[in-house]
Amino acid sequence: MRNVLKACVCLSFLMLAACSKPRQIAVNGAPLHEPSKTAILQEGSLFFRGLDGKHLDLADTPNPYDHVVYVLTSGKHVIYAMNIQGGHIIMPEDLRCYKIEADLDAGMHYMMAEDKDRQIAYIKRKDTDVRIATAKPFETQTAYSGGCNWK
């Protein structure tokens, strides 16, 4: 009985978290709450690590399980991303680093993800699921190498 109660409480918290509005993080001075000037970028199976030659400070990068979206100015950008590691801890997959060139429309919501089988990163519109940009890795490293070389 006690385990059933614990499971119900955990499920309730998960449902509340899924229904909550995501926290917005403005990148490179993008104005928050001005959808006519900005685009929203959400992480899928890629971590967002930088924009237009500027690396995101890890202190500004939230917990990957946090409900967060990034607010960017509309227009052409180079988005830096890396794959989310998967596999077994003893035999993890390689770290893949991507620079994705995308033209983001104001007022649109986008998701970035990776096709792991083809090793291609992409950005898609969330309303239509249409891919607007794709990229191959510019660098591949071993899983415990410490990260991508963003220079």
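The structure holds one disulfide, and the model it is seen in is a predicted one. The bond is formed by Cys97 and Cys148, whose sulfur atoms lie 1.9 Å apart. It connects distant parts of the chain: Cys97 sits in strand S7 (residues 95–104), while Cys148 belongs to the segment after strand S11 (139–141), and the two cysteines are 51 residues apart. The torsion about the S-S bond is about -90°, so this disulfide is left-handed. Cys97 and Cys148 are both buried. In chemical terms, a disulfide is a covalent bond between the sulfur atoms of two cysteines.

Confidence should be kept in view while reading the rest. The chain averages a pLDDT of 83, and 77% of the residues score at least 70. Residues 7–17 have a pLDDT below 50, and beyond near neighbours in sequence this stretch has one contact in the model.

Strand S7, which carries Cys97, also takes part in a sheet. This open sheet has five strands in the order S4-S3-S6-S7-S11, with antiparallel pairing. Its edge strands are S4 (54–55) and S11, each of which pairs on one side only.

The pairings can be followed across the sheet, beginning with S3. Strand S3 (residues 46–51) and strand S6 (residues 75–83) are antiparallel and share five bridges. Within this pairing, Phe48 has Ala81 of S6 as its bridge partner. S6 then pairs with S7, again in the antiparallel sense, over eight bridges. Here Ile79 is matched with Ile100 of S7. S7 in turn is joined to S11 by three bridges, and these two strands run antiparallel. In S11, Gln141 is the residue opposite Leu95.

How much of S7 is buried? Seven of its ten residues are, so by the under 20% limit on relative accessible area the strand is mostly covered. S7 also gives the most to the largest nonpolar core, with four residues.

That core has 23 residues, and those touching the most other members are Leu41, Phe48, Tyr70, Ile79, Ile100, Met112 and Ile123. Three of these names have already appeared in the sheet: Phe48 as the partner of Ala81, and Ile79 and Ile100 as partners of each other. The elements giving two or more residues to the core include sheet strands S3, S6 and S7, along with strand S2 (38–43), strand S5 (68–73), strand S8 (109–115), strand S9 (120–125) and strand S10 (131–135).

Leu41 shows how such a core residue is surrounded. Leaving aside residues up to four places away in sequence, Leu41 touches Phe48, Val69, Tyr70, Leu72, Ile79, Tyr110, Met112 and Ile123.

A second core, separate from the one around Leu41, consists of seven residues, among them Met82, Leu95, Cys148 and Trp150. This brings back two residues met earlier: Cys148 is one half of the disulfide, and Leu95 stands opposite Gln141.

Finally, there is a residue outside the strands. Glu34 is found in the loop between strand S1 (23–26) and S2. Is Glu34 buried, exposed or partly exposed? Its relative accessibility is 31%, so Glu34 counts as partly exposed. The C-alpha atom of Glu34 is separated by 9.5 Å from that of Val71, although the two residues are 37 residues apart along the chain.

Conventions. Residues numbered from 1 in each chain as written. Predicted model: local features only at pLDDT ≥ 70, side-chain atom pairs only at ≥ 80, totals over all residues. Heavy atoms only, no water. Disulfide = S-S within 2.5 Å. Buried < 20%, exposed > 50% of the residue type's maximum accessible area, 1.4 Å probe, protein only. pLDDT = per-residue confidence, 0-100. Contact = heavy atoms within 4.5 Å. Pairing = 2+ DSSP bridges. Core = buried A, V, L, I, M, F, W, Y, C linked by side-chain atoms within 4.5 Å.
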